[in-house]
Amino acid sequence: MTILCVRFQLPPMYEAALPGLLGLLEEFTPVVQALPPDGALADLRGAERYFGRTAVELASVIRVRALALHGVDCVIGAGPGPMLARMALRDARPGVTGVVPGDAVARYLADKPVAALPGVGAKTARTLCEYGLDTLGRVAGAPLSTLQRLVGAKAGRELHEKAQGVDRGRVVPNAVSRSLATERPFDRDELSPDRHRRALLSAAEELGARLRAVDKVCRALTLTVRYADRSATTRSRTLAEPTAHSAALTRAAYGMYEALGLQRARVRAIALRVEGLDPAETASHQLTFDPVDEKVRRLEEVADRVRAKFGPRAVMPGALVA
């Protein structure tokens, strides 16, 4: 186990602490990849030799230091590669590191549902299950040609390799991306899709207003859904064009939410994050000649002035939706 996947249990809207926590990981290895808003990958191959400890032992030290120096607990998964470390994270809990043994990868994966594999979405999982390929063990044993017919040539080859435990990913050192984020926690675990969508609408409108306030546009949007069992699902989407338009952010957020195919999921919180921020004056806008779209944009300008004068709650969420 040479790769750690770490998720820091940061309070909502406290992601500003992430750079300092990444610095803690960099005391062990320079090969650290930020996974905003609250995670990171760390390659400990050199650290294992230098400190004379295994990655799992180093994970315990990292956890103690995060608590002592930053007051932040974390959950950690360890595996031979980034993909397997991410999967191990799902089995972890505070104080206990999730582990995928390097000599038992096939056995670990065999009984896992296909949806547990990073990169396998709800649509792909349904397709595979319709043909009886509902576990990674069955996917690994299926002919490559069959998988390629079901999900495509490239995707089939990657799926076949990953199901067999072949992890070609690597940790790419990076900095925390320029971004803005907001979260909508629920008072109790929420089952209603309508309330999920209202939370997404509110979050998208807030982010749009914040982007316009600093004269920025974003190139990508990330949705994180946190569940009652403390697990989470994250999806990202590159936007068709850089934007600070609340309606465009809302449409993208709704699209990612619908693609999750949640069935009576007990949702604890929903978070949105805009990434790849650029100055608004450098962005181009595709003219649509749509009078409704132009009207909404003018209303946004008015709403922004109202918010600036009377506060962020002066305009009700959804008031600008055409």
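**Reading helix α11 and its surroundings**

In this predicted model, residues 24 or more positions apart make up 66% of the chain's contacts with a separation of 6 or more.

Student: How many helices and strands should I look for in the chain?

Tutor: Look for twelve helices and ten strands. As for burial, 44% of the 322 residues in the chain count as buried.

Student: Let's pick one helix. What span does α11 reach from its first C-alpha to its last?

Tutor: Helix α11 covers residues 246-260, which is 15 residues, and it reaches 21 Å. That is close to the 21 Å expected at 1.5 Å a residue.

Student: Which residues of α11 are buried?

Tutor: The buried ones are S246, L249, T250, A252, A253, Y254, M256, Y257 and L260.

Student: How do I describe two helices that pack together?

Tutor: In general, you give the angle between their axes and the distance between those axes. Here, take α11 with helix α10, residues 193-213: the axes come within 8 Å and cross at roughly 145°. The crossing of α10 past α11 is right-handed.

Student: Which residues of α10 and α11 meet?

Tutor: From α10 you have P193, H196, R197, L200, L201, A204, E205, L207, G208, A209, L211 and R212. They meet S246, L249, T250, A253, Y254, Y257 and E258 of α11. Sorted by class, this contact of α10 with α11 has eleven nonpolar, four polar and four charged residues.

Student: Where do nonpolar side chains tend to be in soluble globular proteins?

Tutor: They tend to be buried together. In this chain, the largest nonpolar core has 30 residues, and those touching the most other members are L200, L211, L221, L223, L249, L272 and V274. The elements giving two or more residues to this core are β6 (179-190), α10, β7 (216-227), α11 and β9 (267-275). Another core, of 26 residues, lies apart from it, with L25, A34, A55 and A59 among them.

Student: What sign does phi have in most residues other than glycine?

Tutor: Negative, for most of them. Now check what comes after α11: G261 follows the helix and has a positive phi, near 60°. That one is a glycine, but R264 is not, and R264 has a positive phi too, near 55°. You'll find R264 in the loop between α11 and β9.

Student: And is R264 buried or exposed?

Tutor: Exposed, because its relative accessibility is 65% and the cut-off for exposed is over 50%.

Technical notes: Residues numbered from 1 in each chain as written. Predicted model: local features only at pLDDT ≥ 70, side-chain atom pairs only at ≥ 80, totals over all residues. Heavy atoms only, no water. Helix = DSSP H or I, 4+ residues; strand = E, 2+ residues; numbered from the N terminus. Expected span 1.5 Å × (residues − 1). Buried < 20%, exposed > 50% of the residue type's maximum accessible area, 1.4 Å probe, protein only. Axes fitted to C-alpha atoms, helices over the stretch in contact; angles between N-to-C directions. Left-handed = near helix turned anticlockwise from the far one by under 90°. Contact = heavy atoms within 4.5 Å. Nonpolar A, V, L, I, M, F, W, Y, C, P; charged D, E, K, R; others polar. Core = buried A, V, L, I, M, F, W, Y, C linked by side-chain atoms within 4.5 Å.
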